Amino acid sequence: MWDELAEVSVLGGMLTDEKCIAQVLDVLEPAGEGKFYKPSYGRVYATVRGLWAEGKPADPLVVGSVLGSDWNAKIAEFVASSTSTANIGVHAGLVRDWWVRRQVKAAADRVVAGVESGDAVQLARDALSSVEDLVVRERQSSVKSMSELIGDLVLELQDHDGKTAGFESPLPCLPRLVPGRVYVVGGYTGQGKTALAVQWAAHLASRGVPVTFHTLEMSGGDIRNRFLAQQGVSLRDIEAGRVQRWDDVLGAGASTDGWPLRVVDDPSVLSGDVLRYQRAIQSQVVFLDHLHQMEVKSSHGEHRLALNRELRQFVALAKNERVAVVLLAQLNRPSGLSEAMPRPTLRSLKESGAIEENAAYVGFVWRKLDEDGVLMPYAEWIEGKNRFGAVRPPAVLDFDSRKLVFTQNGFLG
């Protein structure tokens, strides 16, 4: 039970048009390779997905080099036999639907086997349960009884083996990142919110937590340089196009080798694109730098409403994909005040109502200016909102301008 033409069309489209990859992933993920009838077809799909997730070309030549020369003829067949890519999403839906049919048929076969073996009732229950599980997984049903929710909690606590839920942060003042929640880091331009986010991502990745870092404002190279600076490489030398201490660069490469960290340099991403990347990369924490750089489509001055829709999608992404989402956000610079960048509050956020409504946690990086308008060497971490605990006093952070990292120096008050 399968539609070979649909599967060939999907693979051919993914190999010839990079724009098709995201459309197909949106239909077939998670575990899309298992939805192809032939394991060899699923392997080609998984290879394309992996290359795309790493930002590498996924054309026939590159895929063939990854899989080996024995695959060249089959890859050429996919490309030659693929139909128009205009309906690639529909064709991917056919692949998924035939996979569902095979799952249902397998369940029915188990019922028939039960009838013949005399154990029909129990096997029928098991088969129906497996089909029900399939529907729940595909549609992500949100209807659960209280007993089921408590059962989920028991399993979560057992999985954590007595540890506190979430991922440890690099500074005591920062929250633990719990999958299923959205966190917002706010700050004025140039005050360190990106540096803090990079430090946070590096801390997690160095401990084996899979992280995706979406950069909309800076280039992927800029973000790479900041990761290298934290490992002791001179950022000034990199920016000047010279390296005086190659041992530092090689050491940074060795220390970051194997980190489960992916940097996505795509300035046009929206929440739907982040979802497709997530389903391909399967991270546990997603950073987005930054929220107000997204090209949100709006009309007639409804930018706030459009941004609110995007934020709700990020909340859904966090919950449905069981991932912690950290959104960096810009602060408004109020006019008419004696202080150009006053101590921030929730109202300081651009479209503050939308962000406050959707985020589980909001914190701010804030650095004072001296009398000459120069940033002070220390900063404050100010909690604006914590849906799951009390808001703590501001923390004092020292900033190392050489490594672009913060260290905490106690709490105020």
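Two strands count as paired when DSSP finds at least two bridges between them. Helices (H or I, at least four residues) and strands (E, at least two) are themselves DSSP runs, numbered from the N terminus. With those terms in hand, let us walk through the structure.

The model is predicted, so to speak of local features requires pLDDT of at least 70, side-chain atom pairs count only at pLDDT 80 or more, and totals for chains, interfaces and linings use all residues. Residues are numbered from 1 along each chain as its sequence is written, and side-chain values use heavy atoms, with hydrogens and water left out.

**The whole chain**

The protein chain has 15 helices and nine strands. Of its 413 residues, 43% are buried; buried means under 20% relative accessible area, exposed over 50%, and partly exposed in between (1.4 Å probe, protein chains only). Take the contacts (heavy atoms within 4.5 Å) between residues at least 6 apart in sequence: 65% of them join residues at least 24 apart.

**Strand 6 and its neighbours**

A good place to start looking is strand 6, residues 361-366. Six of its six residues are buried, so the strand is largely enclosed by the rest of the structure. Tyr361, Gly363 and Val365 are buried on one side, and Val362, Phe364 and Trp366 are buried on the other.

Which strands pair with strand 6? Strand 1 (residues 182-187) does so in the parallel sense, over five bridges, while strand 7 (residues 378-386) runs antiparallel to strand 6 and is joined to it by six bridges. Glycine 363 has a partner in each: valine 185 stands opposite it, and in strand 7 its bridge partner is glutamate 383.

**Helices 2 and 14**

Helix 2 covers residues 18-28, and its buried residues are Cys20, Ile21, Ala22, Val24, Leu25, Val27 and Leu28. An α-helix has 3.6 residues a turn, so residues three or four places apart point the same way. At the N-terminal end of helix 2, aspartate 17 acts as a cap, with a side-chain oxygen 3.1 Å from the backbone nitrogen of lysine 19.

In helix 14 (residues 303-321) you will find glutamate 321. Glutamate 321 counts as buried, at 18% relative accessibility. Its side chain meets that of arginine 279 in a polar contact of 3.2 Å. A polar contact is a pair of N or O atoms within 3.5 Å; within protein, one must be able to donate a hydrogen and the other to accept it, and residues adjacent in sequence count only if both atoms are side-chain atoms.

**Aromatic rings**

Rings of Phe, Tyr and Trp (its six-membered ring) pair if their centres lie within 6.5 Å; planes under 30 degrees apart count as stacked, over 60 as edge-to-face and the rest as tilted. The structure holds 11 such pairs, and the table shows two of them.

| Pair | Centre to centre | Angle between planes | Type |
|---|---|---|---|
| Phenylalanine 36 and tyrosine 45 | 5.3 Å | 45° | tilted |
| Phenylalanine 213 and phenylalanine 227 | 6.3 Å | 80° | edge-to-face |

Phenylalanine 213 belongs to strand 2 (residues 211-215) and phenylalanine 227 to helix 10 (residues 220-230). Both phenylalanine 213 and phenylalanine 227 are buried. Elsewhere, Trp2, Tyr37, Tyr41 and Phe78 form one aromatic cluster.

Finally, look for charges over rings, where NZ of Lys or CZ of Arg is within 6 Å of the ring centre and within 35 degrees of the ring normal. Arginine 101 lies over the face of tryptophan 98, 4.5 Å from the ring centre, and the charged end of arginine 181 sits 3.5 Å from the centre of the phenylalanine 388 ring.
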